[in-house]
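Let's take a friendly walk through this structure, one region at a time. Have a look at the sequence and the fold, and then read on.

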Amino acid sequence: MSSTSAPSRPSTAPSGRVAAASLTRDLLENTLGLGCLVVALLAANVLTSYPLLVLTLSLVYAVALISIVVLTGYIGQVSLCQASFMGLGGFLAAALMGHYGWSYWVAAPVACVLVFLVGVAVGLPALRLRGLTLAIVTLSLALLADYFLFVDVPWLNHDSNGWTITRPDFFGISLENNSAWLYRVVVIITALAILAVLRLRRGRTGKSWFAMRDAEIAAATSGVPVVAMKLLGFGVAAALGALAGVLYILVEGSITADRFNFIASIQLLAIAAIAGVRSLPGAVLGALFYILAPQLLLNFPSLVPLTSLILGIGLIIQVISAPQGLGGLLEAAETRLFRRLAGIGSAPSSRMPGSGTEKGDDDAAV
């Protein structure tokens, strides 16, 4: 009997250490996330109005970058019209408020649902197209929004003059001229968006997305509903872009078409690549860079016209030195630390079926 039981120990021990490390990592990540949320909320008690406004706007663009993480990082599809979804969400919410007198808290989710459906429709070409061809199609859609939808549709764009809204109350607290509570509200909504994406990533949907990203034909053969999962991914990414748009009008109190042109979509994709296109923390870091960098450049007026050039050079350097992005580097270091602490540095990795990436390393993967 001893001869039959001995071989089983080496195979089960590493598996047990992997499982323990995974649970420990999840616990520490959840604790870290909760700690970051508490610190972010407490910042409203310390910072003055202008820094709070900058941070609030950074969180808005963090949601926009998360939409790219879902679509490009998790599903492997490239879209050059995410800023258009952002603008469409903002314009729809503002139009519903302006034309029909809807409350912001009703108009905003309705706008996100409508843009979700638009995203599903945009995803239809992706069932047959991919790569450069799909990027050109989505760029064409962005140009269509720039030169027609956001300009020549009076109901949507209020005769091409944009919209100005009155900020709503939040459980009886006015958000008008109240930068601290406006910041807190955006922090909470952003945290809920991140939590929702995490739930999708760690569940069956996320496994299906990763499998499609790494080997679509193999995923379909193994039973993954590729068509439904791909359209769902486009819809979720579009809805997240719309959420960023409705948060934008909440923060700025107005919306015009010039902030959501195809150039903005290209810039967002470049920032996502620099920060880590598969990394949720990278999306937050990238948004901070996207908003703070122009503010810092104001101290050097001669460099302001060179913003796009500086971004391009940074992207080239990043692609050469760290293809996984800054967020990917951080999460790869975190993964190595957890493995050393758990004593499984050379143990077989735990992989999700068909994903091609190590469990827990989806964001850090190249």
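## Helix α14 and a nonpolar patch

Ile-317 sits in helix α14, which covers residues 307–321. The model is a predicted one, so the features described here are those of a prediction. Is Ile-317 buried or exposed? Its relative accessibility is 52%, and because the cut-off for exposed is over 50%, Ile-317 counts as exposed.

Ile-317 also has company at the surface: together with Leu-306, Leu-309, Ile-310 and Ile-313, Ile-317 makes a nonpolar surface patch of about 440 Å². A general point about helices is handy when you look at this patch: an α-helix has 3.6 residues a turn, so residues three or four places apart point the same way.

## Helix α3 and Thr-56

Now turn to helix α3, which runs over residues 49–74. Of its 26 residues, 21 are buried, so α3 is largely enclosed by the rest of the structure. Its length works out as well: at 1.5 Å a residue, α3 should span 38 Å, and the 36 Å between its end C-alpha atoms agrees with that. After α3 comes Gly-76, which has a positive phi near 80°.

Thr-56 is a good residue to zoom in on within α3. Thr-56 has a relative accessible area of 1% and is buried, because buried means under 20%. Which backbone oxygen does the side chain of Thr-56 reach? The partner is the backbone oxygen of Leu-52, at 2.6 Å. Leaving aside residues up to four places away in sequence, Thr-56 touches Leu-182, Tyr-183, Val-186 and Val-251.

## Helix α11

One of the residues touched by Thr-56, Val-251, brings us to helix α11, made of residues 226–252. Here 23 of the 27 residues are buried, so α11 is largely enclosed by the rest of the structure. The expected span, at 1.5 Å a residue, is 39 Å, and the end C-alpha atoms of α11 are indeed 39 Å apart. Gly-253 follows α11, and its phi is positive, near 80°.

## Three salt bridges

How many salt bridges does the structure hold? There are 3. As a general background, side chains of opposite charge can pair when their charged atoms come close.

Let's begin with Lys-230 and Glu-216, whose closest N and O atoms are 3.0 Å apart in their salt bridge. Lys-230 lies in helix α11 and Glu-216 in helix α10 (residues 216–221), so this pair ties together parts that are 14 residues apart in sequence. Lys-230 is buried, with a relative accessible area of 1%, and Glu-216 is buried with 18%.

Another salt bridge joins the side chains of Asp-214 and Arg-213, at 3.2 Å from N to O. Asp-214 is partly exposed at 36% relative accessible area, while Arg-213 is buried at 13%. In the salt bridge between Glu-176 and Arg-167, the N to O distance is 3.3 Å. Glu-176 is partly exposed, with a relative accessible area of 31%, whereas Arg-167 is buried, with 17%.

## Thr-133 in helix α6

Our last stop is Thr-133, in helix α6 (residues 131–149). Its relative accessible area is 42%, and Thr-133 is therefore partly exposed. Where does Val-78 lie relative to Thr-133? The two are 55 residues apart in sequence, and their C-alpha atoms are 9.6 Å apart in space.

Technical notes. Residues numbered from 1 in each chain as written. Predicted model: local features only at pLDDT ≥ 70, side-chain atom pairs only at ≥ 80, totals over all residues. Heavy atoms only, no water. Helix = DSSP H or I, 4+ residues; strand = E, 2+ residues; numbered from the N terminus. Buried < 20%, exposed > 50% of the residue type's maximum accessible area, 1.4 Å probe, protein only. Polar contact = N/O pair within 3.5 Å; in protein donor to acceptor, adjacent residues only side chain to side chain. Contact = heavy atoms within 4.5 Å. Expected span 1.5 Å × (residues − 1). Patch = residues over 30% accessible without salt bridge, like charges linked within 9 Å, V, L, I, M, F, W, Y side chains within 5 Å. Areas by Shrake-Rupley, 256 points an atom, 1.4 Å probe, with all protein chains shown as cover. Salt bridge = Lys/Arg side-chain N within 4 Å of Asp/Glu carboxyl O.
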